[in-house]
Amino acid sequence: MRVSIITVAYNSEMSIGHTMESVLGQTFPDGRVTLEYLIIDGKSKDRTVEVAESYREAFEKKGITLRVFSEPDEGIYDAMNKGIRLAQGEIIGILNSDDWYEPDTVQVVVETFEREDCDLLYADIRVHKVNGNTFVKKARNRNFETSRDWNHPTTFVRAELYKKYPFRDLGIHDDYGFFLQMKKQKRRIVIVNKVLANFRMGGASNQKSLKAAVKRIQDRYHYCYRINGYSRWYLLECVAIEAAKMILG
């Protein structure tokens with residue numbers, strides 16, 4: 001099975017090495033998996049590309065194809081779509097430039113796709129808070145749709161679906177919008193209740209300001225729920241998520 005992992009980066013010199021090492025350290029069995037790793041850089045002004053290229057020999061020794069692209073883009077989802085277009089794998093995972101995989105992530109993913117013949121899978125994730133504390137956010141599948149049950153860095157999708165339904169590039173939650181689109185289409189989705197990735201809090205989805213929270217509510221409501229035909233009642237879910245972020249962190 002051919003697997004592609006995509007990391008979108010911009011001025012990520014301080015964190016991308018850790019992310020790349022987690023891909024380099026995957027324990028998939030030789031001969032069963034062909035792995036490629038794409039770095040889609042938005043023309044960083046720091047040493048992001050230099051750091052990425054410094055790992056090329058190590059990736060070659062491991063038999064992992066490393067492809068590094070650096071050019072201006074129109075934002076994170078434009079960059080993700082670019083990576084998806086370039087990816088040559090049957091299965092695609094997207095890993096943020098300050099997050100990292102567990103050592104057996106690719107092996108678990110391949111075994112699950114082979115066993116379940118699914119279209120998409122996602123798993124538990126370990127969340128790292130700014131104060132150093134961690135907790136595990138469980139993956140679930142309930143009738144009521146909420147992003148509290150879904151974890152993007154653990155999501156792997158059949159390439160044909162990502163290529164046919166690229167991110168709409170409308171708001172900051174377009175990855176969740178894609179997930180809801182797949183659920184509406186009744187795609188076969190499997191949950192793995194095992195930690196496959198680590199997420200570091202502090203990005204755009206966690207900025208604590210009223211203006212940012214209102215923007216996130218609008219984006220989630222319009223470009224995740226309503227655009228995919230979900231009820232107007234989901235506005236309450238969007239507000240509840242942002243209220244919890246403001247109160248609990």
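Colleague: Is C238 buried or exposed?
Modeller: This is a predicted model, in which local features need pLDDT of at least 70 and side-chain atom pairs count only at pLDDT 80 or more, while totals for chains, interfaces and linings use all residues. Residues are numbered from 1 along each chain as its sequence is written, and side-chain values use heavy atoms, leaving out hydrogens and water. The relative accessibility of C238 is 0%. Buried means under 20% relative accessible area, exposed over 50% and partly exposed in between (1.4 Å probe, protein chains only), so C238 counts as buried.

Colleague: And how far is the sulfur of C238 from the closest cysteine sulfur?
Modeller: That closest sulfur belongs to C224, a residue that is buried as well, with a relative accessible area of 0%. A disulfide needs two cysteine sulfur atoms within 2.5 Å, and by this rule the count is zero. The C238 sulfur is too far from that of C224 for a bond, at 7.4 Å.

Colleague: On to the aromatics: how far apart are the ring centres of Y37 and F59?
Modeller: The structure holds 15 aromatic pairs (Phe, Tyr or Trp rings, the six-membered one for Trp, with centres within 6.5 Å; planes under 30 degrees apart are stacked, over 60 edge-to-face, the rest tilted). Y37 and F59 form a stacked pair because their planes stand at 25 degrees, with the centres apart by 5.8 Å.

Colleague: How many residues apart in sequence are the parts that this pair ties together?
Modeller: Y37 belongs to strand β2 (residues 34-41) and F59 to helix α3 (residues 56-62); helices (H or I, at least four residues) and strands (E, at least two) are DSSP runs numbered from the N terminus. Y37 is buried at a relative accessible area of 0%, and F59 is buried at 0% too. The pair therefore ties together parts whose separation in sequence is 22 residues.

Colleague: At what angle do the ring planes of Y230 and Y234 stand?
Modeller: Their centres are 5.5 Å apart and the pair is edge-to-face. Y230 is buried at 9% relative accessibility, and Y234 is buried with a relative accessible area of 9%. Both tyrosines join a cluster of ring pairs with Y122, F144, W150, Y176, F179 and Y225. The angle between the planes of Y230 and Y234 is 85 degrees.

Colleague: Nice! How many of the nine residues in helix α1 are buried?
Modeller: Helix α1 spans residues 16-24 and is mostly covered. I16, G17, T19, M20, S22, V23 and L24 are its buried residues. Of the nine, the buried number is seven.

Colleague: Turning to charges, which residue forms a salt bridge with E90?
Modeller: There are 20 salt bridges in the structure, each a side-chain nitrogen of Lys or Arg within 4 Å of a carboxyl oxygen of Asp or Glu. E90 sits in the loop between α4 (76-86) and β4 (91-94), and its partner in strand β1 is 88 residues away in sequence. E90 is partly exposed at 32%. The closest N and O atoms are 3.9 Å apart, and the partner is R2.

Colleague: And which residue meets K194 in a salt bridge?
Modeller: K194 lies in strand β9 (residues 189-200), and the other side chain is in the loop between β5 and α5, 90 residues apart from it. K194 is partly exposed, with a relative accessible area of 35%. The N to O distance is 3.2 Å, and the partner is D104.
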